[in-house]
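Let's take a friendly walk through a protein fold, from one helix out to the whole chain. Have a look at the picture before reading on.

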Amino acid sequence: IRLPLFILTGASGVGKTTACLALAAKLKEFVVMESDILWRDEFNQPATDYRNYRETWLRVCKNISQAGKPVVLCGAGVPAQFEQCIERRYFSNLHYLALVCEDETLTSRLRNRPAWRGSFKNEYIEEHIKFNRWLIDNAQDTQPPMTVLNTSEITVDESVATVERWIHSHLNGK
């Protein structure tokens, strides 16, 4: 049996990791993982659109799914980066939820992170605002289309509840 894979994507600062941590505690019937845990410099291959990184993650998710638990994978990425992967064939569907927020909210969140993360730098902020805007403008046109959740005006609990409903709606085929 092939299970679906749920991918939470978005720019740095939109709330992916926060949602991921809360979902891991709530969704006992799923395995929820943050994709950054496997990131290494050897995966920094923009010329391949990070193909080895995506294949590695799909392989990990496949093995968990084959044990009977669907996976929620949290990390930046877009459908084109996953759908072309060889390991994609092991999932019934890949469902994408893009967390986004307003530019001012994103800037504030990134500037307020601990200094060691380096997210207060203007170049870093501009890069993530650009990706955030791309998601807002293009989510409906990707294959498959991504659902968008704006986290600017809602609480963490509301974000997590919305993500949880989205996951269950796709799991139940509604």
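How many residues does helix α2 have, and how far does it reach from its first C-alpha to its last? This is a predicted model, and in it α2 covers residues 51-65, which makes 15 residues. The helix reaches 21 Å, close to the 21 Å expected at 1.5 Å a residue.

**Around helix α2**

Several residues of α2 are buried, including Y53, W57, L58 and C61. Charged residue names turn up in that list too, among them R54, E55 and K62. An α-helix has 3.6 residues a turn, so residues three or four places apart point the same way. What covers the buried residues of α2 includes the strands β1, β2 and β3, together with helix α3.

**A visitor from a loop**

Now find E87, in the loop between α3 (79-83) and β4 (94-100). Is E87 buried or exposed? Its relative accessibility is 9%, so E87 counts as buried; the cut-off for buried is under 20%. Leaving aside residues up to four places away in sequence, E87 touches E55, L58, R59 and K62. With R59 there is a polar contact, side chain to side chain, at 3.4 Å.

**The whole chain**

Zooming out, the protein chain has six helices and five strands. In sequence order they follow the pattern β-α-β-α-β-α-β-α-α-β-α. The radius of gyration is 16 Å, close to the 16 Å that the globule rule gives for 174 residues, so the chain is as compact as a globular protein of that length.

Here are some values for the chain as a whole.

| Property of the protein chain | Value |
|---|---|
| Span of the C-alpha trace along its principal axes | about 45 × 35 × 30 Å |
| Residues that count as buried | 44% of 174 residues |
| Contacts joining residues at least 24 apart, among those at least 6 apart in sequence | 74% |
| Exposed area | about 9200 Å² |
| Part of the exposed area supplied by carbon and sulfur atoms | 52% |

**Inside the fold**

Which residues have the most contacts inside the largest nonpolar core? They are L8, V72, V163 and I167, in a core of 24 residues. Elements that give two or more residues to this core include β1, β3, β4 and α5. Helix α6 provides the largest share, four residues. As for V72, its contacts beyond four places in sequence include F6, L8, F30 and I167. Apart from this core lies another, of 21 residues, with Y53 and C61 among them. Those two residues also belong to the buried residues of α2.

Technical notes. Residues numbered from 1 in each chain as written. Predicted model: local features only at pLDDT ≥ 70, side-chain atom pairs only at ≥ 80, totals over all residues. Heavy atoms only, no water. Buried < 20%, exposed > 50% of the residue type's maximum accessible area, 1.4 Å probe, protein only. Polar contact = N/O pair within 3.5 Å; in protein donor to acceptor, adjacent residues only side chain to side chain. Contact = heavy atoms within 4.5 Å. Expected span 1.5 Å × (residues − 1). Rg over C-alpha atoms; globule rule 2.2 N^0.38 Å. Areas by Shrake-Rupley, 256 points an atom, 1.4 Å probe, with all protein chains shown as cover. Core = buried A, V, L, I, M, F, W, Y, C linked by side-chain atoms within 4.5 Å.
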